[in-house]
Amino acid sequence: MLQIVLAALALWTAFGTSQGQPQVRIPDLEQEIHSLINSERLANNVNALVLDQGLSKVARDHSQDMISRGFFNHVDPDGKAPRDRLRLAGYTCPKISGENIFQNNLYSRVTIRGNQRSYEWNSLNEIATSTVRDWMTSPGHRQNILQKSYSRTGVGAAIARNGQVLITQVFCGSTVSPF
């Protein structure tokens, strides 16, 4: 039970304790990315996506799995693809579902002077904005974001000890049916 509580606390707390480091709360980061995605959709005359907490859990679990097992791919080392993860979580999506993944960082630069390290930290907004910006400049990611047949999404982030921020977004059409 203590391990579960500690794991839950890790989701809500900031990474590290370095001086000047901004607090990046995972739920806030996920919400900001979702808001920016919907801004892009609305700017392109596409309906906003509903943020589905169950889909967000699937996305968050994939981000954490990539950190834990040291891979960066839509297909995990066991061969499970996004559609498999959705199905295992009890979701069925009509004909089409999609996934975007992205690797960002808590800092943009580190300067080392002797034994001293100083970091140029990214704010929560900078992490969210650069994630969505880079997705929008990638044809496949952009297509997922602007896909008119998607109505629901889940956004999940995880922060590694080395400062990497892995972000997964899953998309599903209008018919989503959890078991």
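Let me start with Tyr107, which at 26% relative accessibility counts as partly exposed. This is a predicted model, so please take every value I give as computed from that model.

Tyr107 has a partner. Its ring and that of Tyr119 have centres 4.9 Å apart, with the planes at 65°, so this is an edge-to-face pair. The cut-off for that label is an angle over 60 degrees. In sequence the two tyrosines are twelve residues apart: Tyr107 sits in strand β3, residues 107–113, and Tyr119 in strand β4, residues 116–121. Tyr119 has a relative accessibility of 28%, so Tyr119 is also classed as partly exposed. Trp121 joins these two tyrosines, and the three residues make up one aromatic cluster.

The structure has five aromatic pairs, and I will describe one more of them. Tyr150 and Phe171 are stacked, with 5.0 Å from centre to centre and 20° between the planes. Which strands does this pair tie together? Tyr150 belongs to strand β5, residues 150–159, and Phe171 to strand β6, so the contact bridges parts of the chain that are 21 residues apart in sequence. As for accessibility, Tyr150 comes out at 3%, and therefore counts as buried. Phe171 is at 0%, so Phe171 counts as buried too.

Now to strand β6 again, this time for a cysteine. How many disulfides does a search of the whole structure find? The search returns one. The disulfide is formed by Cys93 and Cys172, and their sulfur atoms are 1.7 Å apart. Cys172 is in strand β6, which covers residues 164–173, while Cys93 is in the loop between α4 (82–88) and β2 (97–105). The two cysteines are 79 residues apart, and the bond links distant parts of the chain.

Is this disulfide left-handed or right-handed? The torsion about the S-S bond of Cys93 and Cys172 is about -120°, so the disulfide is left-handed.

Both cysteines fall under the 20% cut-off for buried residues. Cys93 has 13% relative accessibility, and so counts as buried. Cys172 has 0%, and is therefore buried as well.

To put the pieces side by side: strand β6 carries Phe171, with its ring stacked against Tyr150, and Cys172, with its sulfur bonded to that of Cys93. Strands β3 and β4 carry the edge-to-face pair of Tyr107 and Tyr119, which belongs to the cluster with Trp121.

Technical notes: Residues numbered from 1 in each chain as written. Predicted model: local features only at pLDDT ≥ 70, side-chain atom pairs only at ≥ 80, totals over all residues. Heavy atoms only, no water. Disulfide = S-S within 2.5 Å. Helix = DSSP H or I, 4+ residues; strand = E, 2+ residues; numbered from the N terminus. Buried < 20%, exposed > 50% of the residue type's maximum accessible area, 1.4 Å probe, protein only. Phe/Tyr/Trp six-rings, centres within 6.5 Å; stacked < 30°, edge-to-face > 60°.
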